[in-house]
Amino acid sequence: MAKTANLNVRIEPEVKQQAEDLFGSFGISVTDAINIFLRTSIMEGGFPFQIRKPRFNAETLAMQEARDIMSGKIQAKSYKTTDDLLQALNAED
């Protein structure tokens, strides 16, 4: 077996779990995925993909808000009456 070196990375537990689930579905570990990324980066002479700033629009922002509500990062808004809802919607404009 080849010699190995340790690489310590701090990430959010939720990101770690999502990565483990994703790469596990391919039958590889996060360590395997990192090795693939690093070796491909070396062969490519840079990132093996194009890096861009995300472009957000109303639809993608709404999708992110829904994910944040489902994950418990933010609390869903609720209204007692339809009038309260309409007032809140009108106030956002």
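Here are four short exercises with worked solutions on the structure above.

The model is predicted, so local features need pLDDT of at least 70 and side-chain atom pairs count only at pLDDT 80 or more, while totals for chains, interfaces and linings use all residues. Residues are numbered from 1 along each chain as its sequence is written, and side-chain values use heavy atoms, with hydrogens and water left out.

**Exercise 1.** Find the salt bridge and say how its two partners are placed.

*Solution.* Start with the count: the structure holds 1 salt bridge (a side-chain nitrogen of Lys or Arg within 4 Å of a carboxyl oxygen of Asp or Glu). Next, identify the pair: glutamate 20 and lysine 16, whose closest N and O atoms are 2.8 Å apart. Then look at the spacing: the two residues are separated by about one helical turn because they lie 4 residues apart in helix H1 (helices are DSSP runs of H or I, at least four residues, numbered from the N terminus). Finally, check exposure: glutamate 20 has a relative accessible area of 32% and lysine 16 one of 43%, so each counts as partly exposed (between buried, under 20%, and exposed, over 50%, with a 1.4 Å probe and protein chains only).

**Exercise 2.** Serine 41 and isoleucine 42 both sit in helix H2; work out whether each is buried or exposed.

*Solution.* Take serine 41 first: its relative accessibility is 14%, so serine 41 is buried. Its contacts (heavy atoms within 4.5 Å), leaving aside residues up to four places away in sequence, are Gly46, Phe47 and Pro48. Of these, phenylalanine 47 belongs to the loop between H2 and helix H3 (58-71). Now take isoleucine 42: at 68% relative accessibility, isoleucine 42 is exposed.

**Exercise 3.** Determine how far isoleucine 42 is from threonine 81, in sequence and in space.

*Solution.* Along the sequence, the separation is 39 residues. From C-alpha to C-alpha, the distance is 59 Å.

**Exercise 4.** Describe the largest pocket and its lining.

*Solution.* Begin with the volume, about 730 Å³ (the space filled by probe spheres set on grid points joined across faces, edges and corners). A pocket here is an open set of points on a 1 Å grid where a 1.4 Å probe fits, with protein on both sides within 12 Å along at least five of seven lines; lining residues have an atom within 4 Å of a point. Of the 20 lining residues, Leu7, Val9, Val30, Thr31 and Ile34 are the closest to the centre. Last, assign the elements: H1 (13-25) and H2 each supply at least two lining residues, and H2 gives the largest share, 8 residues.
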